[in-house]
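Biologist: I'm new to this one, so could you take me through one small part up close? Take your time, and explain the terms as you go.

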Amino acid sequence: MLGICRGRRKFLAASLTILFVPAITWIYLFAGSFEDGKPVSLSPLESQPHSPRYTASSQRERESLEVRMREVEEENRVLRKQLSLAQSRSPSHHHGNHSKTYSMEEGTGDSESLRAGIVAGNSSECGQQPAVEKCETIHVAIVCAGYNASRDVVTLVKSVLFHRRNPLHFHLVADAIAKQILATLFQTWMVPAVRIDFYDADELKSEVSWIPNKHYSGIYGLMKLVLTKTLPSNLERVIVLDTDITFATDIAELWAVFHKFKGQQVLGLVENQSDWYLGNLWKNHRPWPALGRGYNTGVILLLLDKLRKMKWEQMWRLTAERELMSMLSTSLADQDIFNAVIKQNPFLVYQLPCFWNVQLSDHTRSEQCYRDVSDLKVIHWNSPKKLRVKNKHVEFFRNLYLTFLEYDGNLLRRELFGCPSEADVNSENLQKQLSELDEDDLCYEFRRERFTVHRTHLYFLHYEYEPASDNTDVTLVAQLSMDRLQMLEAICKHWEGPISLALYLSDAEAQQFLRYAQGSEVLMSRHNVGYHIVYKEGQFYPVNLLRNVAMKHISTPYMFLSDIDFLPMYGLYEYLRKSVIQLDLANTKKALIVPAFETLRYRLSFPKSKAELLSMLDMGTLFTFRYHVWTKGHAPTNFAKWRTATTPYRVEWEADFEPYVVVRKDCPEYDRRFVGFGWNKVAHIMELDAQEYEFTVLPNAYMIHMPHAPSFDITKFRSNKQYRICLKTLKEEFQQDMSRHYGFAALKYLTAENNS
């Protein structure tokens, strides 16, 4: 208490000095400007040496006054500095007071005797922080595992890319699932001046698996401890981020904080903004040891080179072993161990201002960390409730998060002018291909679409698949856009086997789909459905690219190439698995045809057997697919023969044939030149025939097309003459390519086209 009073007296004395010294100084100066009771003129003319009133004595007096003025100004400057220091040591920062406010400028902290040195060290620096060099690469490390975390990483990366002005190098410690998802995403995102390196999280499990952890992050929540060992030995510093972080400023500002580290400071952390480590949240609450409130490890600055020299690995391991003897397990994963180390070695930490990690957890005190929107720099959703956490300003934070969640990632493909980018072979090849196109060609947009790289997010939702022991499993493959979303539940009810779907969506629509799926009991009960998001770009629906994406990511030896607006008959999945064995699909080049029908009724009593379907055909409730508008598409199936067939039968390829087939997973891809409506399936079936696939119709299989409004692309085809002209041109070019590739045997396709 005595210390507080003394501090107040010093503060008052300094304030009075600041007020009175300038007043006394100016009185003195004003009095000195009178000579014999008369004011001395200090005008430029009268102060010149040649002025009649100028004398040597008055010149000396003037010089003396100027010297005194400079001395007083220097004293004032020193007093102002003392006053500033007195304010920074105000009573709210004394030990034992845990309800202090968080400083917006100097960072937060508890001022226990051990902590005081850290706070003083952090607060003593003045002046502008050094700017990050224009093209300096900023290194960011993230630990990511699983499907949900991969989605979270995308939102974090979007927020960083939105504000950034520097090249970025992401170091992703990922499991096999996250690596597959994120490697494809970044490869197709093609953001300039961004480099991605992956480190196998599964190989690191043995490093931390001996530590029992109750946190929902599991074993991956401990892997930040081994980054000094995992990341390249020549990497000196890195920013480490949790996946549930959102940036509201340029990450270069955080990178610049490294320049403030002094002495043995190697860890940059923000104080924990809850009372967790104070141990007073509930009765018998016993947290791990920490300095005051402890530190949150959602945002960490690591000086890797110094940590390695300090033998960080040995330091944290010994601390963890010692504490686990009494604590038995960690509650907050790596954060508990970081804090236990800092408790023993407080000199390691540089305390970051709290706006670098505004924590929206339960029992948070984050509201004391900001006064205005402009104060926010990093938001941390570190509660298991995530966006449902209770907070006074949660709506604002949620809206900020949703802005990046639904932001068009294609807009972030912007160049950093003046910064040379590493040579990207894929990007260079793409530019070469595009440069070879004639922009004056009336079909330029069609041709360009073939080379467009669409950002792709594989396995948008959780996926599990157990391979069938008999190696006969079949995956249903389809593609869709937002207007066909309502078909998903019905298909899942009709097909119990694995499904691979490519969805053509914008970033905002992807989030709508996520909410739709998470709200559907039918979809959430199915874990063998792979949802692959292909993000919208360009003016055409890239139907064959979507099919290729869905085909490429199946886990079964066979696939049923369907469309989203068809419902397979009940039991088709098991029937196809039996047919695969019966027709020896593993050792023969066969395409098994599932006959297609359609109804014009939105409400249909779906036929449960072939006999029931034939009855509905006779009554006019069902029709063979497209018989009234595009007979040639399915005529070779020979529906008349199918009515009475009891065994599979072979049919020959004919012009414009486009059946729905079951094939091995190694069948050729769809041709990407065909976009929107027209010839997308026809070309694929033609290529199967050119590769000598045998078309076999299954006698007891069927699928039914459900009615829907015409697609935008078929409307364009019907109304736009140039669209039809370009489609005809692409068909001719495809047939010519077939002839060049397959030789004499492919000439029949040209002949058939001319005769049709």
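Is S562 buried or exposed?

Modeller: S562 is buried, because its relative accessible area is 6% (buried is under 20%, exposed over 50%, partly exposed in between, with a 1.4 Å probe and protein chains only). Before going on, a word on the model: it is predicted, so local features need pLDDT of at least 70 and side-chain atom pairs count only at pLDDT 80 or more, while totals for chains, interfaces and linings use all residues. Residues are numbered from 1 along each chain as its sequence is written, and side-chain values use heavy atoms, with hydrogens and water left out.

Now, the surroundings. S562 sits in the loop between β17 and β18 (strands, E, have at least two residues and helices, H or I, at least four; both are DSSP runs numbered from the N terminus). Leaving aside residues up to four places away in sequence, S562 touches L476, V477, A478, Y660 and M703; contact here means heavy atoms within 4.5 Å.

L476, V477 and A478 bring us to strand β14, residues 474-481, where eight of eight residues are buried. V474, L476, A478 and L480 point one way from β14, and T475, V477, Q479 and S481 point the other way.

β14 also has strand partners (two strands pair if DSSP finds at least two bridges between them). With β17, residues 558-561, β14 runs parallel and shares four bridges; F560 is the bridge partner of L476 there. With β15, residues 499-505, β14 is again parallel, this time over six bridges, and A478 stands opposite L501. Together with helix α15, residues 487-494, β14 and β15 make a right-handed β-α-β unit: with the strands pointing away from you, the path from the first strand over the helix to the second runs clockwise.

At the other end of the S562 loop is β18. An open, mixed sheet of four strands has the order β18-β25-β20-β21, and its edge strands are β18 (566-568) and β21 (623-624), each pairing on one side only. β20, residues 596-598, pairs with β21 in the antiparallel sense over two bridges, with E598 standing opposite F623.

If you want to wander further, there's an open sheet of three strands, β7-β12-β11, also with mixed pairing. β7 (245-247) and β11 (358-359) are its edges. β11 runs parallel to β12, residues 378-380, over two bridges, and Q359 stands opposite H380. The C-alpha atom of H380 is 9.8 Å from that of F397, 17 residues apart along the chain. F397 lies in helix α12, residues 394-405, and counts as buried because its relative accessibility is 1%.

Lastly, a helix pair. α4 (146-163) and α5 (176-189) pack at about 35 degrees, with axes 9 Å apart (axes are lines fitted to C-alpha atoms, for helices over the stretch in contact, and angles run from 0 to 180 degrees between N-to-C directions). The residues making this contact include Y147, V153 and L161 of α4 and I181, L185 and W189 of α5.
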